[in-house]
Amino acid sequence: MSREETAESARDEGDPLLSVRNLQTVFHTDRETIRAVDDVSFDVYPGETVGIVGESGSGKSVTARSIMGLVDSPGEVLPESSIRFNGQELTAFSDAEYREVRGSGIGMVFQDPQQSLNPVYTIGNQIREALEINRDITGAQATKEATKLLESVGIPDAKRRLDEHPHEFSGGMRQRAVIAMMLACEPDLLIADEPTTALDVTIQAQILDLLKDLQEERNLAILFITHDMGVIADISDRVNVMYAGQIVEKASVENLFERPEHPYTRALIESIPGEHSRGEGLNTIEGEVPTPNAPADHCRFAPRCPQAFGACDKMAPQHIDVGETVEHTAACLLYPEDKAEGERLKHHRALAGGDDVKTEVSNDE
Amino acid sequence: MNRLLYLFKRLLLAVPVFLFGITMSFMVLYLGPIDPVLNILGQDATPEDIHQLKVALGLIYQDGSTVPLWSQYLKVLTDLLTFDFGQSWIIQRGTPVGDLILNRMPVTLWLGFWSVVVALVVGIPGGLYAGLRANTWRDYIASGGGIIWRAMPNFWLAVMVVGLLSAGGLLSFYPDLWVSTDVIGTSDSVGNLFGSSQVFAGMPLLEAIWVPVPKWTNIATAIKWILPAALVLGSSSMGNEIRIGRTAVLESINSKYVETAKAKGVSGRRIVTKHVGRNALIPLLPIIMSEFYLLIGGSVLVEKVFSIRGLGNMFFRGVLGPDIPLVMALVFLFIIVQVTVNIAQDILYTFIDPRITLEDTER
């Protein structure tokens, strides 16, 4: 796979473009604190596509908004979190500094193209606005550049369509226009938050192909967020599986689908429609994602996990290397697989650090 | 569709509205217990006088038989449509209605103008402010104020304001605050100040202001004099603007397109002025436009309580008269204003919201 190889080689060369460490985003309500993103860490290297996949409510979108600095009160990115982009620590940025990063550093495409364009301004106006703010291009030059951008995202008759309003565009065209608008800022990283979810399947495939082409042309890094395992398989180089605010498994896309190790990932893959014969019916995961409002002193998937055992409710699992290849980890007490249960628990405890209070409890097992 | 063509179509559609409004007014006036003749001549009138007057007013024929109602109706209708408003029956017997209206119009326009200004200047920024600071104590004060202003009925608020400002009222300790002694606050209250103020003493407003040189002190006096009434008249629009403005701003600022605009690096100020502003204007437009109706027709109660001798006050007395030619002419005028405002509003919509077109068959 050539795409995989280029991504691998890019990673060997240097530092990650985006490096998220211990990201914690909480939402304060009157009654409780919801840990929408709870200790998430991952990297994105230049030119590669990293997927984040998970059910609704697993914290994918909040992760994206945290990176963009778009989390507003009552949400808060806790101070222990670190988001490094191009060597800069974004969490320390002021509003004005963050504005510099948005657009020209990191662009973002949202789920609903029906609503992500301002209905009262023309497409051209909104693309030119991005050009003016990020690249100081105005006037006739901006119109020319905007036409070029619309053409590059595959909108025919671009010059005329610049003068049209969003409601005159179809859903797929609108998403293309949003992508063109974000490309106008010349970002190094594009965060795509379920960009194809609101589109029908054929349009979905077109948008995915477009993103792949643009990535190749511009060496664009993409952080792709979706709940759709099929889309993830199509576009990602590496995948992070999220559950209830935490990443439970990280792997290259091949490893993830060939050798899923975390019980949640396995369940997700088994519930993809069409993977099984008709007679069996569709596998589902019973129950729903819990609201992460308590500290993670246990495995949050345990209540729905077919392989859960006693310690799962008492101890937070740590990421363990599970594959022969690099960077395949799963946060599950079933690993390392070759060890007995007691050994495994000890291993996780050691990784978590000795001062963990919960350690005493699980000693009694 | 071409905007001119649309305008033409709307004007055609306005014809039934005119007919309906005039017919309803005519019926209400004529079917009510009216006796203009008695009101004009008083109790001691001789039968001959009564007979003559009735003939003069077009109520009976010379031979004493009643003019049929439909015939009177047709006369009223044709007169109005040919802009022949006739002469006043009661208010100023014999004066052409057109002159009466032109004479009173400046005061009402002056009142309406300031009520619109007060409402716009306080209401729109207030709504923006509340929406941008949603759910803070500042917002609660602003939007709570909006609800209170909206909820206070005109006639009640008018009485309260007059009470506060006139002699013996709470604010009468500071007569210079609003009113020089010849404005409000004398025992005659607002009524005779209108006569004694040089500004509106029987002459058109423009003359008072512009000829021969602008009399700035007169303008200042005129503004000071009208503001309490303008505040009362504009109060409910002002409250509405705060409430609707707040909602519109909130809806827009939480929208996906604002988030997308932020994601492409647009600054907060520009988000408010460009992306939120125009979208928030869409629901505000009908409220702003309805204010222009205040310019002419919305002021009956307020003018009555403040004893401002404008069109509204005259309309009220005309109905009681009944001074039928005057009332019909005013109704005609009110309908013209209302229809014009409605058409203007629909055309303005197409300028601020491109999703609205004047086509009725498209897609």
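## Strand E3 of chain A and the contact between chains A and B

Strand E3 of chain A, which spans residues 49-53, is mostly covered, with 5 of its 5 residues buried; the model from which this is read is a predicted one.

**Exercise 1.** Determine which residues lie on each side of E3(A), and state whether the two faces are covered.

*Solution.* Begin with one side of the strand, where Thr49(A), Gly51(A) and Val53(A) are found, and note that these residues are buried. Turn next to the other side, which holds Val50(A) and Ile52(A), and these are buried as well. Both faces of E3(A) are therefore covered, given that a residue is called buried if 20 or more other C-beta atoms lie within 10 Å of its own.

**Exercise 2.** Identify the strands that pair with E3(A), and find what stands opposite Ile52(A) in each of them.

*Solution.* Take strand E9 of chain A, residues 221-226, which pairs with E3(A) in the parallel sense over 5 bridges; within E9(A), Ile225(A) is the bridge partner of Ile52(A). Then take strand E10 of chain A, residues 238-243, which runs parallel to E3(A) and is joined to it by 4 bridges; here the residue opposite Ile52(A) is Asn240(A).

**Exercise 3.** Describe the side of chain B that touches chain A, by elements and by residue character.

*Solution.* Count the participants to start with: the contact takes 26 residues from chain A and 18 residues from chain B. On the chain B side, the elements giving two or more residues are helix H12 (256-263) and helix H13 (268-294), and H12(B) supplies the largest share, 6 residues. Sorted by character, the residues on this side of chain B comprise 7 charged, 6 polar and 5 nonpolar.

Notes: Residues numbered from 1 in each chain as written. Chains lettered and ligands numbered in written order. Predicted model: local features only at pLDDT ≥ 70, side-chain atom pairs only at ≥ 80, totals over all residues. Buried ≥ 20, exposed ≤ 12 C-beta atoms within 10 Å, placed from the backbone. Pairing = 2+ DSSP bridges. Nonpolar A, V, L, I, M, F, W, Y, C, P; charged D, E, K, R; others polar.
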